[in-house]
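Biologist: I'm new to this one and would like to know where the labels come from. Can we go through them together?

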Amino acid sequence: MRQLAGLADTTVKAIRHYHATDLLEEPARAANGYKQYGTAHLVRLLQIKQLRELGMSTAEIRSAGDSEDMFFDTVRALDARLAASIEREQSIRADLAELLSHRTGPDVPVGFESIADGLTGADRAVIAISTLVYDEQGMQDLHEMAEHHQDTDIAFNELTADASAEAIHAVALQLAPVLRRIHESYPDTRTPPQPTTARKREAIHALYQSLPDLYNSAQIAVLAQAYHLAQDSGPSDEADASRSTS
C-alpha cells in the first residue's frame, strides 16, 4: 500500500478512505497476507486523485462512475458551483477595491465607501444594522437616499441634545420636504418595514432600539416631527416649508 501511495503521490490514509467508501476496490491478498495491488488499482487511484483535484467530493466521484451521463451531469454541476464561486470572489474583489480606493475604515458598510465622508458614526451604525433588514435592492435605495440628501443632514447632525423646541421644529421643517420626496421616489419608505420572519422581526426591533443609542433626544424629536410633517403636507405645503427655511 505504501508503494502505491508513493507512486500516486498520495497517502496510505487516503487509500484506506477510498477503500472504505467503495471508490477503490480492495485487492486480493497473497499467501503471505499482503495486499496485491496491480495496474488497475494504480490507474483508478490516479483517476480519483485527478477528480478530487478538480473539486469533486467522494460522493460525486462515486456517482459519476455509474454512467457517462452521470459523469457529465456531475461535471456540469461542479462547473456551475465554480462559476458561482468565481462570481462571488470577483464581487469581493470589487468591494475590496472600493475600500482601497476610498481608504475607509471597517465601520463603513460595504457599498457606501463613496459617500463615507458624509456619514456620521451614527449613520454608519444604522446602515450596518439596516443590512439585516433590507435586501440588496433596499440597500441600493438607502445608498441613493444618503447620497442625494447629505446637505440636508448638516443641520440635523449639528443639533445638540439641549436644542430648543424652536430649533427642533426648524430642522424638522427643513427635513420634511426631503422625506416627502424620498417617500415619493421610494414608496416602501412611507411605512415601517414589515417582518416576514422571526429573524427579520428581531432585526427591525434592533434597528429601532439602536436609535436612542445613536441619536440624541433632539434629533429623535426632529425625526418624529419631520415624518409626520412629510405624511401630512402636500406639494404646496412642501414648497411653503422649503421657503420658510430659506
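Modeller: Let's take some residues, helices and pockets in turn. Keep in mind that this is a predicted model.

Biologist: Fine, let's start with Val126. Why is Val126 called buried?

Modeller: Buried means under 20% relative accessible area, and Val126 has 16% relative accessibility, so Val126 counts as buried. You'll find Val126 in helix H6, which covers residues 121-130.

Biologist: Which residues does Val126 touch, leaving out those up to four places away in sequence?

Modeller: Val126 touches Leu207, Leu211, Leu214 and Tyr215. Contact here means heavy atoms within 4.5 Å. As for Ile168, Val126 is 42 residues from Ile168 in sequence, and their C-alphas are 21 Å apart in space.

Biologist: And what makes Asp22 exposed?

Modeller: The cut-off for exposed is over 50%. Asp22 has a relative accessible area of 65%, so Asp22 is exposed. Asp22 sits in the loop between helix H2 (12-20) and helix H3 (39-53). Asp22 also has a positive phi of about 65°, although Asp22 is not a glycine.

Biologist: How do you know that Arg103 counts as exposed?

Modeller: By that cut-off of over 50%, Arg103 counts as exposed because its relative accessibility is 74%. Arg103 is in the loop between H5 and H6, just after H5, and takes a positive phi of about 50° there. Arg103 is not a glycine either.

Biologist: You mentioned H5. How do you know that the reach of H5 is close to the expected one?

Modeller: Expected span is 1.5 Å times one less than the number of residues. Helix H5, residues 68-102, has 35 residues, and the expected 51 Å is set against a reach of 51 Å from first C-alpha to last.

Biologist: What about H7: what reach is expected there?

Modeller: H7 has 13 residues, for which 18 Å is expected, and its reach is 19 Å, which is close. At the start of H7, a side-chain oxygen of Asp135 comes to within 3.3 Å of the backbone nitrogen of Gln137. The limit for a polar contact is 3.5 Å, and the Asp135 oxygen lies within 3.3 Å of that nitrogen.

Biologist: Which residues of H7 are buried, and what covers them?

Modeller: The buried ones are Gly138, Met139, Asp141, His143, Met145 and Ala146. What covers them includes H6 and H9.

Biologist: Now the pockets. What volume does the largest pocket have?

Modeller: The largest pocket has a volume of about 1700 Å³. It is lined by 41 residues, and the closest to its centre are Tyr134, Leu142, Met145, Leu179 and Thr189. Elements giving two or more residues to that lining include H6, helix H8 (153-158) and helix H10 (198-214). The largest share, six residues, comes from H7.

Biologist: How does the lining of the largest pocket divide by class?

Modeller: That lining has 25 nonpolar, 10 polar and six charged residues.

Biologist: And how much space lies in the second largest pocket?

Modeller: About 270 Å³. Its lining includes Asp95, Phe112, Tyr134 and His143, with H7 giving the largest share, four residues.

Biologist: How many residues of that second lining are nonpolar, polar and charged?

Modeller: Four are nonpolar, four are polar and two are charged. Asp and Glu count as charged, and the lining includes Asp95 and Glu136.

Key:
Residues are numbered from 1 along each chain as its sequence is written. This is a predicted model: local features need pLDDT of at least 70, side-chain atom pairs count only at pLDDT 80 or more; totals for chains, interfaces and linings use all residues. Side-chain values use heavy atoms; hydrogens and water are left out. Buried means under 20% relative accessible area, exposed over 50%, partly exposed in between (1.4 Å probe, protein chains only). On a 1 Å grid over the protein atoms alone, a cavity is a set of points where a 1.4 Å probe fits but cannot get out, and a pocket is an open set with protein on both sides within 12 Å along at least five of seven lines; lining residues have an atom within 4 Å of a point. Grid points are joined across faces, edges and corners, and a volume is the space filled by probe spheres set on the points. A polar contact is a pair of N or O atoms within 3.5 Å; within protein, one must be able to donate a hydrogen and the other to accept it, and residues adjacent in sequence count only if both atoms are side-chain atoms.
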